[in-house]
Amino acid sequence: MKIISICGSNRKKGNTAELLHALETGLKNADIPEMKVKKISLSDLHLEPCRACLKCKKKDSCVVSDDFGKIITQILHADLIILGSPVYFSDVSSQVKVLIDRTISLWHTKQLKGKKLVLVAACAESGTEYTIETMKHWAKAHEMDLISTIEGKGEKKGDVLKDEKALNAVKNSVELIKKCFSPES
Ligand SMILES: Cc1cc2nc3c(=O)[nH]c(=O)nc-3n(C[C@H](O)[C@H](O)[C@H](O)COP(=O)(O)O)c2cc1C
């Protein structure tokens, strides 16, 4: 089972990264056979905004030459996508929005249809529901299969690990993912 875990925060070891790490650790401890996790931080990549040229409609791929091709190959090969965003003014970070918009190149031919997905959002006080909503709209447009969502609160780096509700959501997500990928399901 191949997992791609994408962090959309510029803060290294910030709250989004900590929630993603907790989920990855939970999955590793769940003894899922042949599980491989590829971690990607959008802040390490060069991603340009969508140019709305819509050349992708004919070509089936994006014509902008940056790191999008690399990440999308990994997304397409993954059995499970985990996408995490910090809450910026009650919505996703600009890095996550750029990634979301660039996937229009896969939308025409529904290349992400049926992809299993977990959404993660971290805020200081409030706004995770809108952030998750934005990512849910993206998933719905692509007809992806949303397994679970995780919302956490914490201002300083690592504070989210004190959020019991978030840690319970991580545990529930591990169970749901396990069930989803069990041979009986
Ligand atoms: C530009 C910006 C906007 C933010 N907007 C909000 C917000 O609307 N609501 C909120 O609760 N926190 C907001 N925050 C705080 C972050 O969401 C919070 O610190 C979160 O834990 C950051 O996750 P990270 O550590 O993964 O970057 C904002 C932070 C920044 C830098």
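Trainee: So a residue is exposed if 12 or fewer other C-beta atoms lie within 10 Å of its own, and buried if there are 20 or more. With that in hand, is Ser185 buried or exposed?

Mentor: This is a predicted model, and in it Ser185 has 7 C-beta neighbours inside 10 Å, so Ser185 counts as exposed. Ser185 is found in the segment after α7.

Trainee: What does Ser185 touch, leaving out residues up to four places away in sequence?

Mentor: With those left out, Ser185 touches Lys179 and Cys180. Asp60, by contrast, is 125 residues from Ser185 in sequence, and the two C-alpha atoms are 32 Å apart in space.

Trainee: OK, and Ile40, buried or exposed?

Mentor: Ile40 counts as buried, because 20 C-beta neighbours fall inside 10 Å and the cut-off for buried is 20 or more. Ile40 belongs to strand β2, and once the neighbours within four places in sequence are set aside, Ile40 is in contact with Ile4, Ile6 and Ile71.

Trainee: How far is Ile40 from Leu19 in space?

Mentor: From C-alpha to C-alpha, Ile40 and Leu19 are 14 Å apart, with a separation of 21 residues in sequence.

Trainee: Leu19 is in α1, right, so what is the angle at which α1 and α7 pack?

Mentor: Helix α1, residues 15-29, packs against helix α7, residues 164-180, at an angle of about 40 degrees, and their axes are 9 Å apart. The two helices are therefore oblique to each other, since angles under 35 degrees would count as roughly parallel and those from 65 to 115 as roughly perpendicular. As for handedness, the crossing of α1 and α7 is right-handed.

Trainee: Which residues make the contact?

Mentor: From α1 the contact takes Leu19, Ala22, Leu23, Gly26 and Leu27, while α7 brings Ala166, Leu167, Val170, Lys171, Ser173, Val174 and Ile177. Sorted by class, this contact of α1 with α7 has nine nonpolar residues, two polar ones and one charged one.

Trainee: Switching to the ligand, how many residues surround the ligand, and which are the closest?

Mentor: There are 20 residues surrounding the ligand, and the closest are Ser9, Gly14, Thr16, Pro86 and Cys123. In terms of class, the shell around the ligand divides into eight nonpolar, eight polar and four charged residues.

Trainee: Which element gives the most to that shell?

Mentor: That is α1, which gives three residues. Both α1 and β4, residues 116-123, supply at least two residues of the shell each.

Trainee: One backbone oddity: what is the phi of Lys13?

Mentor: Lys13 has a positive phi of about 55 degrees, although Lys13 is not a glycine. Lys13 sits in the loop between β1, residues 2-7, and α1, and counts as exposed because 12 other C-beta atoms lie within 10 Å, whereas the cut-off for exposed is 12 or fewer.

Trainee: And what about Leu54, what is its phi and where is its place?

Mentor: Leu54 also has a positive phi of about 55 degrees without being a glycine, and its place is in the loop between β2, residues 36-41, and α2, residues 56-59. With 13 C-beta neighbours inside 10 Å, Leu54 counts as partly exposed, because that class covers counts in between the exposed limit of 12 and the buried limit of 20.

Trainee: How far apart in space are Leu54 and Ile104?

Mentor: Their C-alpha atoms are 8.5 Å apart in space, although Leu54 and Ile104 are 50 residues apart in sequence.

Definitions and conventions
Residues numbered from 1 in each chain as written. Predicted model: local features only at pLDDT ≥ 70, side-chain atom pairs only at ≥ 80, totals over all residues. Axes fitted to C-alpha atoms, helices over the stretch in contact; angles between N-to-C directions. Helix = DSSP H or I, 4+ residues; strand = E, 2+ residues; numbered from the N terminus. Parallel < 35°, antiparallel > 145°, perpendicular 65-115°, else oblique. Left-handed = near helix turned anticlockwise from the far one by under 90°. Contact = placed C-beta atoms within 7 Å. Nonpolar A, V, L, I, M, F, W, Y, C, P; charged D, E, K, R; others polar. Near = placed C-beta within 6 Å.
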